[in-house]
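The following note sets out numbered points on the model under review. It begins with one term and then moves from the overall fold to individual residues.

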Amino acid sequence: MDNPVILLGISAVVAAIPAAVWLYLLFNKGGGSKKIIALVFGLGCLTAPALLGLQYFWTEFPRFNLDVFIQQNIHTQNTQFIATFVLFGALEEVIKHYVVTSVDKKTVLIKTIGDSIKYSLAAALGFAFTENIYYLYQFWASISLGELAGMYIFRSGFTTCAHLIFSGVFGYFYGMGKFSIQITTQQKLLGQKSRVSMAIAKIFNLSLSHAYQQEMVVKGLFIAIIMHATYNYLLQLSILPPVIIFVVLGFLYLKYLLKRKAGHLILETDISTEKKSTI
């Protein structure tokens with residue numbers, strides 16, 4: 001197929017099928033405004049092209065190319081792979097999460113930890129949707145129909161699921177940070193202490209609740225990046241069983257987080273604004 005516009009359109013239609021299925025499975029029975037979910041999903045769709053734009057910028061201005069920097073300064077191939085996967089995992093998780101935090105700051109989007117996870121999933125699904133369009137468009141004419149179908153099924157299922165898991169985990173810890181006032185107050189009443197939060201508060205001259213918030217955000221980002229980099233590393237080995245096992249374990253971990261009691265808290269005070277949030 002020679003017409004790139006037609007090919008792009010077909011790729012978008014084909015990629016939209018699993019995206020629609022995921023949207024239905026994730027949000028059909030949940031609460032919340034469908035318009036807001038659609039907004040977050042739509043903004044999430046812009047994140048993959050934004051990263052492609054960054055890579056184009058790196059091509060035009062190689063001195064800013066972090067991938068080239070890694071290749072030039074790390075000479076062990078395996079370590080190069082790991083560093084590259086960590087870099088791109090970090091970029092993807094940060095830009096997906098930026099969508100959620102941006103909308104949250106303008107609309108008080110997140111009122112429960114469940115909200116934080118839900119909208120993180122919507123942004124991740126938008127990213128996965130446009131990424132799948134890109135891969136279909138790139139490989140449509142260069143691989144066999146069977147290989148294309150296999151890639152399509154795997155990316156629509158396991159890779160999309162992986163994106164949802166990574167962003168869902170990050171969303172959980174971001175939500176924990178939003179509840180830092182309630183959580184640190186409860187910890188104080190129970191005589192519990194977070195040494196990490198206390199150290200952050202002392203070093204950066206922050207309140208304990210703000211320090212706890214920063215701890216949770218950094219922790220969530222770190223876990224999401226490591227999970228993302230591990231997934232990409234396993235993919236490059238071209239051995240499917242470890243990839244499938246890893247995705248299943250990631251799903252079980254996210255399911256465990258969803259069942260924790262903290263997920264039932266309702267936001268009364270927004271730590272990011274120090275103002276009362278509407279419920």
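In this note, two residues are in contact when heavy atoms of theirs lie within 4.5 Å.

1. Status and starting example. The model is predicted. The contact criterion applies, for instance, to Ala128, which touches Thr160 and His163 once residues up to four places away in sequence are set aside. Ala128 is found in helix H6 and is buried, with a relative accessible area of 1%. Its C-alpha atom is separated by 9.5 Å from that of Ala162, although Ala128 and Ala162 are 34 residues apart along the chain.

2. Secondary structure and overall dimensions. The protein holds 11 helices and two strands. Read from the N terminus, the order of elements is α-α-α-α-α-α-α-α-α-α-α-β-β. The radius of gyration is 20 Å, close to the 19 Å that the globule rule gives for 279 residues, so the protein is as compact as a globular protein of that length. Along the principal axes, the C-alpha trace spans about 65 × 50 × 35 Å.

3. Burial, contacts and surface. Of the 279 residues, 44% are buried. Among contacts between residues at least 6 apart in sequence, 76% join residues at least 24 apart. The protein exposes about 15500 Å², and carbon and sulfur atoms supply 67% of that area.

4. Charges. The protein carries 22 positive and 13 negative charges, and the mean positions of the two sets are 14 Å apart. How many salt bridges does a search of the whole structure find? The search finds four; three of these pairs are taken up in the points below, beginning with Lys96 and Glu93, then Asp104 and Lys178, and then Asp115 and Lys118.

5. Lys96 and Glu93. The side chains of Lys96 and Glu93 meet in a salt bridge at 3.0 Å, N to O. Why are Lys96 and Glu93 separated by about one helical turn? The reason is that the two residues are three apart in helix H5, which covers residues 77-107. Are Lys96 and Glu93 buried or exposed? Both residues are buried. For Lys96 the relative accessible area is 2%, and because the limit for a buried residue is under 20%, Lys96 counts as buried.

6. Surroundings of Lys96. Which residues is Lys96 in contact with, leaving aside its neighbours within four places in sequence? They are Thr47, Ala123, Ala124, Phe127, His163 and Ser167. His163 therefore appears in the contacts of Lys96 as well as in those of Ala128.

7. Asp104 and Lys178. A salt bridge joins Asp104 and Lys178, and their closest N and O atoms are 2.9 Å apart. Asp104 lies in helix H5 and Lys178 in helix H7 (residues 145-178), so the pair ties together parts that are 74 residues apart in sequence. Asp104 is buried, with a relative accessible area of 2%. Lys178 is likewise buried, at a relative accessible area of 1%.

8. Asp115 and Lys118. In the salt bridge between Asp115 and Lys118, the closest N and O atoms are 3.6 Å apart. Asp115 and Lys118 are three residues apart in helix H6 (residues 113-139), and they are therefore separated by about one helical turn. Asp115 is buried, with a relative accessible area of 15%. Lys118 also counts as buried, at 15% relative accessibility.

9. Asn205. Attention now turns to backbone angles. Asn205 has a positive phi of about 55 degrees although it is not a glycine. Where does Asn205 lie? Asn205 is placed in the loop between helix H9 (195-204) and helix H10 (208-236). The residue is exposed, with a relative accessible area of 71%.

10. Ser238. A positive phi also occurs at Ser238, at about 60 degrees, although Ser238 is not a glycine. Ser238 has its place in the loop between H10 and helix H11 (240-259). At 66% relative accessibility, Ser238 counts as exposed. A colleague checking the backbone may wish to view these two loop residues, Asn205 and Ser238, in the display above.

Methods:
Residues are numbered from 1 along each chain as its sequence is written. This is a predicted model: local features need pLDDT of at least 70, side-chain atom pairs count only at pLDDT 80 or more; totals for chains, interfaces and linings use all residues. Side-chain values use heavy atoms; hydrogens and water are left out. Helices (H or I, at least four residues) and strands (E, at least two) are DSSP runs, numbered from the N terminus. The radius of gyration is taken over C-alpha atoms; the globule rule is 2.2 Å times the number of residues to the power 0.38. Buried means under 20% relative accessible area, exposed over 50%, partly exposed in between (1.4 Å probe, protein chains only). Accessible areas come from the Shrake-Rupley method with a 1.4 Å probe; for residues, only the protein chains shown count as cover. Lys and Arg count as positive and Asp and Glu as negative; His and the chain ends are not counted. The place of a charge is taken as NZ of Lys, CZ of Arg, CG of Asp or CD of Glu.
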